[in-house]
Amino acid sequence: MKDLILKDVSFSYPGGFLAIEHINMEIKFGENVAIVGQNGAGKTTTVKMMNGLLKPDEGEVLIGDMNTKDYTTAQVSRVVGYVFQNPDDQIFHSTVESEVRYGPKTMKLSVEEEDKRVKEALEITGMEIYKDENPMNLPLSMRKFVTIAAVIAMGTEILIFDEPTAGQDVEGNKRLSAILRTLHVQGKTVITISHDMEFVASNFEKVIVMAKRKVVRAGTPKEIFWDFESLEYAMLKQPYVSRVCRALGIKGNIIDIEGAVEGIMDR
Amino acid sequence: MEKSYTEKIQIHKANKLAGLHPATKFLVVILYSVCTFVLSSIKLTKIGLPLAIIPWFLVVLVLCAVSGAMKKCIKALKAVAFIALVIFLVQTFIVPGGEVLVRFGFIRICEKGLKTAISLSFLILNIAGIFVWFFQTTENKEIARALEESGLNYKATYVFISSLQMINVLSGNSKTIMNAQRARGVETEGNMLVRAKAFFPTLVPLVLGALIGSEERVLTLEARGFSMEGKKTHLFNLEKSGAEGTMKITAILVTVLIVIGRAALWIL
Amino acid sequence: MDIVMECKDVTYSYPLTKKPAIKNLNLKLERGKFYGVIGENGSGKTTLCALLRGFAPSFYKGELQGEVLLEGKNINEYGGEIAAKIGFVFQNPFTQISGIKDTVFEEVSYGLENFGVPAEKIEKRVIDVMKMTNIETLAEKSPFELSGGQMQRVALASVIVLEPDILIIDEPTSQLDPEGTESVFSIIETLKEKKKTIILVEHKIDLIAEYADEVLVFKEGTMIAFRRKQEILSDLSFLEQGVTLPQVAILGRKLQERGLGLSAIPVTEKQAVEVIAEALQERNK
């Protein structure tokens with residue numbers, strides 16, 4: 001039941017490129033969080049701090065009472081799973097099932113436990129029907145679900161998804177929503193980077209806005225998507241329905257269609 | 001006057017040697033390699049060691065220095081030198097055969113081993129060295145243009161040049177992939193065995209990615225009229241440094257002298 | 001009607017597949033119109049792009065029945081010069097750089113070099129296009145050092161410079177952040193103003209609603225609808241066909257269901273504000 005804490009973290013890439021400055025972030029165990037911001041804001045760097053892929057130059061990253069500085073990435077990956085943006089950077093097996101099995105295998109579990117993990121991961125992601133397919137024969141958006149299943153099978157209590165919504169169709173977004181819900185119910189901490197403001201508004205309890213190497217603010221979607229100053233600074237836009245409500249002068253910090261319908265009918 | 005972009009992309013080299021037309025430089029590379037082989041057949045000292053190719057390597061170093069590319073060349077040569085050194089040591093101390101020349105305790109240096117050691121390691125040093133000189137003083141753009149000028153099919157030219165570029169790209173990709181796999185529990189930090197296990201999970205996505213990428217890239221090229229028939233325009237043009245003639249004559253003369261000299265030694 | 005491209009009874013299967021990727025496609029595209037193509041992943045949108053551009057079957061191989069016509073002529077009768085008639089941009093910014101040019105300027109010039117355009121003319125054309133796509137400040141940078149959005153703009157510039165009248169653009173913003181998306185769409189807007197024929201595949205339905213004249217809907221290899229944008233994007237039954245509709249259209253329908261009399265179902269933000277404000281005014285009189 002580990003909280004994830006970044007304390008005053010700064011990091012520069014070799015070559016002197018400053019990527020993040022004095023980042024403070026607290027994500028409680030079980031929270032379902034979205035991180036938003038333009039490319040270059042520092043989102044990916046921050047998130048790579050969380051799974052130990054990068055170690056802070058200044059400040060510290062604590063997972064529970066684990067300080068990432070004291071562990072290798074592979075060790076941290078037992079606690080924090082990370083699904084990369086490009087599934088083709090990770091997939092190297094010839095069937096979906098063996099790809100998903102790889103993670104649990106390296107953890108040297110019993111055969112029953114391994115099977116259980118694989119089955120569950122495939123079910124949660126809706127990939128059981130594809131389990132004997134070659135991942136390379138599936139469309140790119142499906143391959144994303146293969147890597148998601150592979151990381152879920154590792155059974156980590158914290159999961160990071162890097163832009164799972166990019167390139168997804170309606171079906172894909174629905175599947176993602178369902179996965180996030182299931183993981184949340186299981187008590188996992190899930191951190192997602194996304195550029196899809198509509199998706200963020202409807203699927204997360206907490207949103208962290210990043211811009212220009214710093215955290216701008218954190219809050220609920222209702223708070224964030226009506227904080228015009230922060231949105232402008234981070235160069236982000238409100239979801240479409242929010243913009244319409246704003247133009248119509250509807251009160252109530254509306255962020256989704258149901259809210260908009262109520263708000264407008266009450267006018 | 002502000003330079004136009006077309007002017008800006010041209011390459012002007014002050015150094016006459018570095019600025020030689022790539023075709024001339026390549027001739028030098030070929031002739032140098034021929035000389036290296038010829039010289040390596042000259043047996044000196046009682047046991048017939050191919051010592052001539054050792055001082056011959058100095059020519060590479062002189063070329064690099066006069067071309068003004070010493071620093072770059074030394075850097076690239078370090079890796080080659082390391083391999084050559086390993087081969088030298090292995091052949092000298094481990095390969096048996098022929099007379100034993102020296103003995104320290106259980107370490108022996110044999111005639112055959114020493115011969116092969118010098119021959120192999122300096123052959124590598126010489127040939128790799130002259131290629132290093134070529135690639136460090138010539139940009140990919142110039143090589144591409146020279147290949148086109150020489151009449152090589154434009155598709156082959158493309159494959160060659162993009163492969164050169166790909167080396168950098170792939171090494172960048174391999175880092176990304178290694179990171180992705182580390183995040184799944186593949187240990188990459190540690191001893192040789194550990195790193196060896198990480199090899200396969202890194203290699204497969206790298207190769208697959210390159211294959212998929214190259215398929216898409218063909219479409220990109222098509223969208224730029226790659227397979228258009230007819231004469232193509234070239235914004236980038238090669239400059240001659242003026243020393244081409246001199247260089248060609250020198251290189252040919254030296255080669256002829258060495259070949260004749262070798263033949264003479266053989267007959268006498 | 002000036003028909004610029006046509007598909008006659010086209011059925012196409014990729015090599016080694018049993019199911020056709022596109023079935024019985026009959027399609028007429030008019031010059032100067034903006035066509036949005038929507039549908040689930042795997043429904044045939046990308047295959048449509050490949051067919052219209054002549055990559056299927058000439059590049060992908062596979063089996064083609066029926067004909068694809070460009071300006072009345074079968075598309076496989078065109079050689080490499082088709083690149084100056086139809087521009088093609090797709091999803092992955094990275095594989096759209098040629099890989100053999102050191103600067104953005106040379107990258108954009110590459111197509112013109114292939115076409116044998118005289119050197120004196122190339123520079124001006126390239127500068128004009130770089131200005132239009134807002135990449136002039138990147139002219140001397142290496143294409144490998146650009147961000148995803150910048151690479152896509154370079155890819156667009158590199159095909160626009162050949163002055164094609166038709167552009168096929170397949171999910172150009174999938175991998176981009178909001179700023180990158182906006183910069184790509186402002187170029188697409190400029191192309192629309194120049195009256196190019198545009199075929200755009202996109203999941204970002206609200207952007208299709210903004211720019212498209214007509215919309216094509218694909219499902220499992222078949223084109224199930226081809227109508228004016230207003231008609232398709234306000235029809236909620238399409239939600240069951242695996243496509244999403246603009247948020248404002250769904251909002252509009254739900255308001256109508258609740259009894260608010262809207263004069264039309266809005267598909268763009270601007271329309272929504274107008275139509276809802278009008279309806280509220282009416283109701284609250």
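**Exercise 1. Which elements of chain B have the lowest and the highest mean pLDDT?**

Some ground rules come with the solution. This is a predicted model; local features need pLDDT of at least 70, side-chain atom pairs count only at pLDDT 80 or more, and totals for chains, interfaces and linings use all residues. Residues are numbered from 1 along each chain as its sequence is written, while chains are lettered from A and ligands numbered from 1 in the order in which they are written.

Step 1. Know the score: pLDDT is the predictor's confidence in each residue, from 0 to 100.
Step 2. Know the elements: helices (H or I, at least four residues) and strands (E, at least two) are DSSP runs, numbered from the N terminus.
Step 3. At the low end stands strand β1 (residues 100-104) of chain B, with a mean of 74. At the high end stands helix α2 (residues 22-40) of chain B, with 92.
Step 4. Add the chain averages. Chain B averages 85, and 99% of its residues score at least 70. Chain C averages 92, and 100% of its residues score at least 70.

**Exercise 2. Find how far apart the domain centres of chain B are.**

Step 1. List the domains: domain 1 is 14-138 + 238-267, and domain 2 is 146-223. These bounds come from an automatic or database domain assignment.
Step 2. Taken over C-alpha atoms, the two centres in chain B are 31 Å apart.

**Exercise 3. Decide whether Pro15(C) and Glu222(B) are buried or exposed.**

Step 1. Recall the rule: a residue is buried if 20 or more other C-beta atoms lie within 10 Å of its own, exposed if 12 or fewer, and partly exposed in between; C-beta atoms are placed from the backbone.
Step 2. Take Pro15(C), in the loop between β1 (3-13) and β2 (22-30) of chain C. Pro15(C) is exposed because it has 9 C-beta neighbours inside 10 Å.
Step 3. Take Glu222(B), in helix α8 (residues 192-223) of chain B. Glu222(B) has 20 such neighbours inside 10 Å, so it counts as buried.
Step 4. Check contacts (C-beta atoms, placed from the backbone, within 7 Å). Neighbours within four places in sequence are left aside. Pro15(C) then touches Lys61(C) and Gly62(C). Glu222(B) touches Ser227(B) and Ala83(C).

**Exercise 4. Describe how α2(C) meets α4(C).**

Step 1. Fix the geometry. The axes of α2 (residues 104-114) and α4 (residues 148-160) of chain C come within 7 Å and cross at roughly 35°. Axes are lines fitted to C-alpha atoms, for helices over the stretch in contact, and angles run from 0 to 180 degrees between N-to-C directions.
Step 2. Name the residues. Val104(C), Glu107(C), Val108(C), Tyr110(C) and Gly111(C) of α2(C) meet Val154(C), Ala157(C) and Ser158(C) of α4(C).
Step 3. Sort them by class: 5 are nonpolar, 2 polar and 1 charged. Ala, Val, Leu, Ile, Met, Phe, Trp, Tyr, Cys and Pro count as nonpolar, Asp, Glu, Lys and Arg as charged, and the others, Gly among them, as polar.

**Exercise 5. Which element of chain C gives the largest share of the side that touches chain B?**

Step 1. Count the contact: 37 residues of chain C meet 32 residues of chain B.
Step 2. List the elements of chain C with at least two residues there: β6 (86-89), α2, α3 (119-132) and α4.
Step 3. Pick the largest share: α2(C), with 8 residues.
Step 4. Sort this side of chain C: 17 nonpolar, 14 polar and 6 charged residues.

Terms used. Contact = placed C-beta atoms within 7 Å.
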